[in-house]
Amino acid sequence: MENENKNEEIQEEYQAKAKGFFQSTKVFINDLLDIRTDSDRESTLEAVRKDISFKGHNAWILIFSIFVASIGLNVSSTAVVIGAMLISPLMGPIVGVGMSVAINDVDTLKKSLKNLGIMVVLSVLTAFVYFKISPVTEITPELEARTYPTILDVLVAIFGGLALIVGKSKKGTIASVIMGVAIATALMPPLCTVGFSLANSQWQNAGGAFYLFSINAVFIALSTFAVAKLLGFPLVRYANSKRRRRTAQIASAVAVIVMIPSIILFINLLNKTLFETKAKDFVSNDIRYLGAEVLKQESDFDNKRIDVYLIGKRVPEGTVATWRAKLNEIEALKESQLIVHQNAEDGGNLDQLSSQVRSGILEDLYMKNQEVVENKDAKIRLLEDQIKRYRTSLFDFESLSKEAQVNYSEIRNLGYSNQVITDFQKVDTIPTFTITWKDKVTATEKENSRKKFEAWLNVRLELDTLSVKSTN
């Protein structure tokens, strides 16, 4: 009986400790993640409304920043594009849209939408004018990267928008957060790409770039809406309660209208990304045949099609059928069509492929070879640097000098240094020894001893390149 009571006491003590631990952990997590306490709602609303305004200085700042971004995209300079994004005022009206919907403020919503429309038109028009007069008309990698949204763009817009409004709502706004979000969400480059595409009659790219801008803007606004609701921003109150209800209904309808297509788009982009990733993995892991090699792979999510280009030994239809069966076993690739392009006969001749496909394949091969060469060059430079560092710490000079003093009594002083030499093609480091001879040593003896000393050093240090000089 006594043992049972003791066990119960021990159990109760453990339960009390566990409860205390969980309570402490809960308090710690609440303190760590709580953003309600340090939020300044009134100042945030005032700052958001102030940033919506678009006239005078803001208009000129936008025009100049668009020019800077367009130049950066035109020469494919990431640093210049980032600089332009830092000074752009595009973010203000987008945050204003999300905030006004959250607090049922119709007047602010109208102002935000109006100013956002003006900003977009002015941005595209400015970029159009620049690219119309620019002598560089080829699409650069920086421009091409902004012609269609990916799932990563959506995620950046969501988390960037969340970081932005949380940073704005903190007492003492965190400026670094706002600047970082301006860079990460990249609102300006897509609009500049729209201007470039219109200036060069590339309608599909123009649509894709504007699509990317719209995605970023919508999800930044939705993130603002979500955080404003979470922090309990006060609703705008109207004297007429009927008007307030109508306003709330309009705001809610706008939020739903924006959210539904955005969610559908997010799901589609997620499915597309998953399809392309799984297709790439399938080709890498399952498309294998001795004597044949995959040169190129293309994935078309809209048509559920995967094109694989092979070179080398012809793959039998039975093997291709096995690949297609494996393809249907992958959930994300079900009902997809696998098209295998290969030569009619063995031998690996590319002539039977279309000129466009051949060009793409050869370009891919060139890029891969170029990357291999660059990697080898980098390794060579690394090894050369290691050899130089190795030479500088190759031996103990004090120990070597004592040996030299025993073997060569005619030496008065011995010096050592690394001499850097270049033939303007490459730089090399040569271990260099300098000798000061005693007064009674003749010139002939000096030269003979110098050669002997150099030969001895070569053997002693196991070096094939060093220099020995006489100073007197």
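Is Arg460 buried or partly exposed? Arg460 is partly exposed, at 31% relative accessibility. Here are some notes to help you find your way around; please keep in mind that this is a predicted model.

1. **The partner of Arg460.** Arg460 forms a salt bridge with Glu403, and their closest N and O atoms are 3.0 Å apart. The pair joins distant parts of the chain, since Glu403 sits in helix H15 (residues 397–407) and Arg460 in helix H16 (residues 443–461), 57 residues apart. Glu403 is partly exposed too, at 29% relative accessibility.

2. **A salt bridge within H16.** Stay with helix H16 for a moment: Arg450 and Glu447 both lie in it, three residues apart, which is about one turn of the helix. Their side chains meet in a salt bridge, with 3.0 Å from N to O. Arg450 has a relative accessible area of 15%, so it counts as buried, the limit being under 20%. Glu447, at 33%, is partly exposed. There is also a network of salt bridges here, linking Glu447, Arg450 and Glu454.

3. **The sheet beside these helices.** Strands S4, S5 and S6 make an open sheet, in the order S4-S5-S6 and with mixed pairing. Strand S4 (411–422) and strand S6 (467–470) are at the edges; each has a single partner strand, so one side of each lacks a neighbour in the sheet. From one strand to the next, the twist averages 25°. S4 and strand S5 (residues 427–437) run antiparallel and are joined by eleven bridges. To see one position in this pairing, look at Ile421, which stands opposite Asp428 in S5.

4. **How H15 and H16 meet that sheet.** Both helices from the first two points turn up again here. H15 packs on the sheet and touches S4 and S5, its direction making about 130° with that of S4. H16 lies across S4, S5 and S6, and runs at about 135° to S5.

5. **Another three-stranded sheet.** Earlier in the numbering, three strands form an open sheet in the order S1-S2-S3, again with mixed pairing. Its edge strands are S1 (292–300) and S3 (337–341), each with a single partner strand, so one side of each has no neighbour in the sheet. The twist here averages 20° from one strand to the next. Strand S2 (residues 305–312) and S3 run parallel, with five bridges between them. Val308 has Val340 in S3 as its bridge partner. Helix H13 (residues 317–328) packs on this sheet, touching S2 and S3, and its direction makes about 150° with that of S3.

6. **A salt bridge between Asp307 and Arg305.** The side chains of Asp307 and Arg305 meet in a salt bridge, 2.8 Å from N to O. Asp307 counts as buried at 6% relative accessibility, whereas Arg305 is partly exposed at 31%. If you would like to look up the rest, the whole structure holds six salt bridges.

7. **A cavity to look for.** How many cavities of 30 Å³ or more are there? The count comes to one, and the largest cavity has a volume of about 30 Å³. Its lining is made of Leu45, Val48, Arg49, Gly96, Met99, Ser100, Ile103 and Thr108. Helix H2 (41–52) and helix H5 (91–102) each contribute at least two residues to the lining of the largest cavity.

Notes: Residues are numbered from 1 along each chain as its sequence is written. This is a predicted model: local features need pLDDT of at least 70, side-chain atom pairs count only at pLDDT 80 or more; totals for chains, interfaces and linings use all residues. Side-chain values use heavy atoms; hydrogens and water are left out. A salt bridge is a side-chain nitrogen of Lys or Arg within 4 Å of a carboxyl oxygen of Asp or Glu. Buried means under 20% relative accessible area, exposed over 50%, partly exposed in between (1.4 Å probe, protein chains only). Helices (H or I, at least four residues) and strands (E, at least two) are DSSP runs, numbered from the N terminus. Two strands pair if DSSP finds at least two bridges between them. Axes are lines fitted to C-alpha atoms, for helices over the stretch in contact, and angles run from 0 to 180 degrees between N-to-C directions. Contact means heavy atoms within 4.5 Å. On a 1 Å grid over the protein atoms alone, a cavity is a set of points where a 1.4 Å probe fits but cannot get out, and a pocket is an open set with protein on both sides within 12 Å along at least five of seven lines; lining residues have an atom within 4 Å of a point. Grid points are joined across faces, edges and corners, and a volume is the space filled by probe spheres set on the points.
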